[in-house]
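Morning, everyone. I have one structure to go through today, and I will spend most of the time on the ligand and what surrounds it. Please have a look at the model first.

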Amino acid sequence: MIRTAILGYGRNGSTMHANPIEKYDDFEVVAVCDIDPEAQEKAKKRFGCPIYDDYHQMLEVEKPEFVVIVTRSSQHAQMAIDCLMAGAHVLVTKPWATNVLDAQRMIAAQQISGRKLFPWLPARFGVDLRAIKEIIDRGDIGRVFEIRRSACTFGLRFDWQTESKYGGGYLLNWGPHLIDQPLQLTDSPVKYVYGNLRQTINPGDVEDNLRVICHLENGVTVVSEYLIAAGDYPSWVIQGDRGTIYAHDHEIKVHSIKLPEHVDKSEYRSKVEHKEYTVTCEGNIYGDEFEIYPHIARALRGEEPYFVTLESALRLSRILEAAKRSSELHQEVCL
Ligand SMILES: NC(=O)c1ccc[n+]([C@@H]2O[C@H](COP(=O)([O-])OP(=O)(O)OC[C@H]3O[C@@H](n4cnc5c(N)ncnc54)[C@H](O)[C@@H]3O)[C@@H](O)[C@H]2O)c1
C-alpha cells in the first residue's frame with residue numbers, strides 16, 4: 001500500500017482524489033491536511049487518520065510516500081517543492097503552476113530530490129478526445145488543419161477562482177483542459193500564441209472568458225475558448241482537408257468528403273461526395289479519476305511511465321503564460 005497524504009481537502013480534493021484513493025487498495029490514507037476546521041472534521045470522520053493544519057508538520061511526523069496536492073492554485077508549486085524535498089512523491093492538481101518560473105522550480109526540485117512529480121491533466125483521458133483521435137487517425141477527415149475546442153456557461157462564480165492572488169481566472173482553471181486537449185491530437189511544437197482574456201460577468205479581478213489561439217509548426221491552428229454563452233455551442237470543431245468533425249460533448253458528428261478524381265473546370269465549384277456518421281461516446285469528457293488512479297499506482301511502483309511528462313506540462317505553462325502576455329500586449333507572442 002502506498003502511504004498517501006491529501007493536502008487540501010476542499011471541493012475537489014475530497015471528491016475527485018479522495019474517492020479513488022479510498023476505493024483502491026493500492027493506497028492507504030495516512031494523513032489529511034487542511035486549514036479549514038469543517039474540512040478537517042469531514043476527513044477525520046471519513047478516514048480516521050491524523051489530521052493536520054500545517055503540512056510541514058505533517059511531512060515531518062507522518063513521512064508520507066505520496067502527497068496529493070489539491071489546494072488553491074497559487075499554493076501548488078511551493079507545496080510541491082516542499083513535499084518533494086521532504087522525500088515524498090507528489091501529484092499536483094491543475095494548474096500545477098501559475099507561471100513558468102514556478103514550473104521550472106518544481107522540475108528542479110524533482111531532479112534534486114529524485115522523487116516522482118505527477119502533474120494532473122485528467123482531460124487527456126477524456127472520452128470525446130479519444131474518440132476524436134480514432135476518427136482522425138483513421139483518416140476520415142484527411143489532414144487536419146484547424147482544431148477548435150470550446151466550453152461555455154452562464155454560471156457565476158464567487159469563490160477564490162475570481163481572484164488573481166489565489167491563482168484564479170479561467171485561463172489557469174480551464175486552459176489545462178481546453179488548451180492541452182487539442183494539442184494531444186497533433187504532434188507539433190507551438191510557434192506563437194494569441195490570447196484574449198476578458199472579465200465579463202464574474203466579480204473579482206480575473207478573466208471569466210477566454211480565447212487562445214496556438215499556431216503550430218506543422219501549420220495546424222488550435223483555437224481554445226471558454227465563453228460566457230448560452231445554448232448549444234459545439235465543444236469541438238475540427239477541420240481537415242477531407243471533412244469536418246462537430247462534437248457536442250458526447251455526440252460526435254463526422255462529415256467525410258470525397259473530392260472528385262477528375263475536375264470539370266467549366267464548373268464553378270467541384271461536386272463532392274458526402275458521407276456522414278455519428279459516434280456517441282460514454283464516460284467523462286474531462287477524464288475519469290477511477291480510471292486514472294490505478295495507472296498512478298503503477299507509475300508510482302515504476303511499472304509504467306506517468307501519462308503526463310514534465311516537458312509537456314512545462315510546455316502548457318509556457319503557452320498559458322504567453323496567452324496572458326499576448327492579451328496584455330494585444331499582439332501574438334512567440335514561444
Ligand atoms: N478537473 C480537475 O482536475 C479539477 C476540478 C476542480 C478543481 N481542480 C483544482 O483543484 C484545486 C482546488 O480547487 P477546489 O475547487 O477544490 O478549491 P477549494 O477551495 O474547495 O479547496 C482548497 C482547499 O485547500 C485548503 N487549504 C488552503 N490553504 C491551505 C493550506 N495552507 N494547507 C492546507 N490546506 C489548505 C482549503 O481550506 C480548501 O479546503 C484548484 O487548483 C483547482 O484548479 C481541479
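Two helices, α4 (76-85) and α7 (170-178), each supply at least two residues of the shell around the ligand. Before I go on, note that this is a predicted model.

How many residues surround the ligand? There are 26 of them. The closest are Arg-11, Asn-12, Asp-34, His-76 and Lys-94. Sorted by class, the shell has eleven nonpolar residues, eleven polar ones and four charged ones.

Next, where does the ligand lie with respect to the domains? Domain 1 (2-120) and domain 2 (126-287 + 317-334) both contribute residues to the shell, so the ligand lies between them. As for pockets, the space that the ligand takes up is the largest pocket.

Now the backbone contacts. I will take three residues in order, and in each case the partner is an oxygen atom of the ligand. For Gly-10, a backbone N or O atom lies 3.5 Å from such an oxygen. For Asn-12, a backbone N or O atom is 2.7 Å from a ligand oxygen. For Lys-94, a polar backbone atom is 2.8 Å from an oxygen of the ligand. How much of the ligand does the protein bury? Taken alone, the ligand exposes 850 Å², and the protein buries 87% of that.

Stay with Lys-94 for a moment, one of the closest residues to the ligand. The peptide bond from Lys-94 to Pro-95 is cis, with omega near -10 degrees. Which loop holds Pro-95? That is the loop between β5 (89-92) and α5 (100-113).

One last backbone detail concerns another lysine, Lys-63. Its phi is near 45 degrees, which is a positive value in a residue other than glycine. You will find Lys-63 in the loop between α3 (55-62) and β4 (66-69).

To recap, the ligand has residues from both domains in its shell, and the protein buries 87% of the area that the ligand exposes when taken alone. That is what I had for today.

Conventions. Residues are numbered from 1 along each chain as its sequence is written. This is a predicted model: local features need pLDDT of at least 70, side-chain atom pairs count only at pLDDT 80 or more; totals for chains, interfaces and linings use all residues. Side-chain values use heavy atoms; hydrogens and water are left out. A residue is near a molecule or strand if one of its heavy atoms lies within 4 Å of it. A polar contact is a pair of N or O atoms within 3.5 Å; within protein, one must be able to donate a hydrogen and the other to accept it, and residues adjacent in sequence count only if both atoms are side-chain atoms. Accessible areas come from the Shrake-Rupley method with a 1.4 Å probe; for residues, only the protein chains shown count as cover. On a 1 Å grid over the protein atoms alone, a cavity is a set of points where a 1.4 Å probe fits but cannot get out, and a pocket is an open set with protein on both sides within 12 Å along at least five of seven lines; lining residues have an atom within 4 Å of a point. A molecule sits in a cavity or pocket if more than half of its atoms lie within 2 Å of its grid points. Helices (H or I, at least four residues) and strands (E, at least two) are DSSP runs, numbered from the N terminus. Ala, Val, Leu, Ile, Met, Phe, Trp, Tyr, Cys and Pro count as nonpolar, Asp, Glu, Lys and Arg as charged, and the others, Gly among them, as polar. Domain bounds come from an automatic or database domain assignment.
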